[in-house]
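Subject: Handover of a structure and notes on what was found

Dear colleague,

Please find below the structure that I am handing over to you. My notes follow directly after it, and I would ask you to read them with the structure open.

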Amino acid sequence: MCTDTLQANRDLLDPHFDGYKLSLDPLPTYSIDVVCGIDEVKLRNDQYTLQHVKAFGIHNHLVHDQWNPNCVYYIDQEWKVIQHRVVLESQLQPGRVVFEISHECEQRSRPRHNATLHFPSAELCLLADGAGTLYLLATADRDCAELSTWQVLYSGEVCGPATPFVLLHSVAQADSASVHCLLLRIEEEQDRTTGDECEASTARTSGNFAALLDWLTMSKPQGASSHQVSRRRKLKSKLAPFYAAVEATGQALFLAGEAEFKITEDSAKSATEDQKQDIKEKDADISTNTTHPQYTWTQTDDDVTLVFILPPSTPKSAVNLTLTPDTMQLSVKNGDELLSGALYRAVDVQLCTWTLENRKLEVTLAKADEGPMWTEVVVGNHRGEYVIDEDQARIIHDRLAHLTSDQLNPDPVPGGSQPGIGPHDLEECDALPDGYSTLVRLDGESHTVTNRASLSSHQFLFNAQLHPDKLPCICLRHDVDGLLWQPGMGADGQRSAPWCHAATFNALGYVQASKRDRKYSCCPPGCSYAVVCDCIRHLYVYRQPAPILSPLRNRKSGRVVSQIAKQQLVSLESTDDILGVAAADDRLFVLTNNKLYVIRVDQQ
């Protein structure tokens, strides 16, 4: 059940957006040679499943340092980490080797993924070589003329011998004493056994694979000379996520995908604790599926009403109800607790009441915010049965009556001639995701989902880093727009939905869906533009609306236009495959196998 919604900020929406105007103004482009090419690992013949395609099909080989916007990195064919740094305005320094991965022939030749790296802080880097080894590196100052070689603080095969994985995200605590990272790998399920070779082949072709996340905590014990893996948590799902990040506090994960992850192992919890947790979950499942609910509840726009049936001869003095705006605790003296926990939404305590008559205990909770409908009374408690009020059902029916008709294609405008919209009017890019996708916050201590929002009506567009010390944002399609959401705890640290609407890219959802050759999409930290990049040569820059010197008047509507959003096309001279893109506020970086381009986008 989804307990939260994605509530867009209306101040960040433009219902009168007229579209993008094509600008022929050229964007200055500079380039520098890539000496040893890019270490590009493509999918093998045995990596044919949907899991492998989602997890490793498209890899961005160009890494932008979110702490130092002038620096970008890639890994060349000699397994060296190369840094390019912008000096002056657009001049790129020649590539500098900052770290060299092990050159063992066995390590390079065995099945592996693309190497990935991430910067959890201004002086640390995490690097996964794709062959099964994870490095924690001390980088010191990365944006300086004299750059020192990175020092190894930790290295090891953290997922087992010769087990390849990719690095998704990492975060360091304020004092860098602990570093959290997320590793993704795809493994074939071993629970299906058969002696028939034909049946075994069928099992393999059916895609019997699982997506595994390793959530590692690395720390340096007092008196030790290097870091160690102090805690390991494993998560499992059917499909790889399209968004995964560790909360800044290191206490929870944010995950988005078409299949939810569940924590299967935790080195900080004993087997006894895990068994107790399993028993608690089973009890919860039993109580959820019982044919005799412990209470019934209904609601209107103004209040929520709960009904309990108490034992005979229960006096009113035995009922104990404690209410706060966000919690409730209801119990009977010398009896079981009836209901307690955090309320789904806030209530007005002064207007809440309860009555007891003929064993029937009726509790009325007055909604603090009138209108929104509750999906549950107490968060996580499913022991009650929801009963739709007859008056409320009639109101809902009246509200939705205009959406139904006995006619195949009715006229939605009474007395008008405008035809309705039918399936033939929809385009391919208007299709919704096939699966049921969600965005969740998974607590690392309780192993439970604290917040969940449905994404089934919102296509995933891309991820972007707006702040170096915050989680990456996720861009989703809302109608035709692209809305950027910033995960993180709400202002009150507990009750608010842990994601907020950070920026809007007008019509980007529709635009991106129409680009059949699209490979990458991204935006800069300032959200001044968005980029859609083709597989070869072309990039499309979509700028936010900007004021113009002389206002224009729309000849059809008569509306005065005071700002215009521009679209610009960048056409590279090279026809090599584009292997990576990174966006800064004033420049755009593009990587091919032979060149690194920097494109100035701030000349407006």
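In what order do the strands of the open sheet of five strands follow one another? The order is β12-β13-β14-β15-β18, and the pairing is antiparallel. Please bear in mind throughout that this is a predicted model.

**The sheet of five strands**

The edges of this sheet are formed by β12 (166–172) and β18 (262–266), each of which pairs on one side only. On average, and with direction ignored, neighbouring strands of the sheet are turned by 25 degrees against each other. Within the sheet, strand β13 (residues 178–188) and strand β14 (residues 209–219) run antiparallel and are joined by eleven bridges. To see this pairing in the structure, you may look for Leu182, which stands opposite Trp215 in β14. As general background, strands of a sheet pair through backbone hydrogen bonds, and this pairing is either parallel or antiparallel.

**The sheet of four strands**

An open sheet of four strands is also present, with the order β2-β40-β39-β38 and antiparallel pairing. Its edge strands are β2 (29–33) and β38 (578–583), and each of these pairs on one side only. Here the average turn between neighbouring strands is 20 degrees, again with direction ignored.

Strand β40 (residues 595–600) deserves a closer look. Five bridges connect β40 with β2 in the antiparallel sense. Among the residues facing each other, Thr29 stands opposite Ile599 in β40, and Ile32 has Leu596 in β40 as its bridge partner. Strand β39 (residues 587–592) also pairs with β40 in the antiparallel sense, over five bridges. In this pairing, Leu596 in β40 is the bridge partner of Leu591. Leu596 is therefore a useful residue to select on screen, because it is the bridge partner in β40 of Ile32 and of Leu591. A hairpin of two residues joins β39 to β40.Why is β40 described as largely enclosed by the rest of the structure? The reason is that five of the six residues of β40 are buried.

**The cavities**

How many cavities of 30 Å³ or more are counted? The count comes to two.

The largest cavity has a volume of about 50 Å³. Its lining is made up of Pro241, Leu255, Ala256, Gly257, Ala259, Glu260, Phe261, Thr438 and Val440. Two elements, β17 (252–257) and β27 (438–443), each give two or more residues to this lining. The largest share, three residues, comes from β17. By character, the lining residues of the largest cavity divide into six nonpolar, two polar and one charged.

The second largest cavity has a volume of about 40 Å³. The residues that line the second largest cavity are Val41, Lys42, Leu43, Gln47, Phe56, Arg112, His113 and Asn114. These lining residues divide into three nonpolar, three polar and two charged.

**Individual residues**

The remaining notes concern single residues that you can locate one by one.

His64 is found in strand β3 (residues 63–64). Is His64 buried or exposed? With a relative accessible area of 19%, His64 is buried, because buried means under 20%. A polar atom of the His64 side chain lies 2.9 Å from the backbone oxygen of Pro69.

Asp143 is found in the loop between β10 (134–138) and β11 (151–156). Its relative accessible area is 23%, so Asp143 is partly exposed. Along the chain, Asp143 and Arg85 are 58 residues apart, and their C-alpha atoms are separated by 7.4 Å.

Ala162 is found in the loop between β11 and β12. Its phi angle is near 55 degrees, a positive value in a residue other than glycine. Ala162 counts as partly exposed, at 40% relative accessibility.

Asp479 lies in the loop between β30 (473–478) and β31 (481–487). The phi angle of Asp479 is near 60 degrees, again a positive value in a residue other than glycine. At 66% relative accessibility, Asp479 counts as exposed, because exposed means over 50%.

Yours sincerely,

A colleague

Technical notes. Residues are numbered from 1 along each chain as its sequence is written. This is a predicted model: local features need pLDDT of at least 70, side-chain atom pairs count only at pLDDT 80 or more; totals for chains, interfaces and linings use all residues. Side-chain values use heavy atoms; hydrogens and water are left out. On a 1 Å grid over the protein atoms alone, a cavity is a set of points where a 1.4 Å probe fits but cannot get out, and a pocket is an open set with protein on both sides within 12 Å along at least five of seven lines; lining residues have an atom within 4 Å of a point. Grid points are joined across faces, edges and corners, and a volume is the space filled by probe spheres set on the points. Ala, Val, Leu, Ile, Met, Phe, Trp, Tyr, Cys and Pro count as nonpolar, Asp, Glu, Lys and Arg as charged, and the others, Gly among them, as polar. Two strands pair if DSSP finds at least two bridges between them. Axes are lines fitted to C-alpha atoms, for helices over the stretch in contact, and angles run from 0 to 180 degrees between N-to-C directions. Buried means under 20% relative accessible area, exposed over 50%, partly exposed in between (1.4 Å probe, protein chains only). A polar contact is a pair of N or O atoms within 3.5 Å; within protein, one must be able to donate a hydrogen and the other to accept it, and residues adjacent in sequence count only if both atoms are side-chain atoms.
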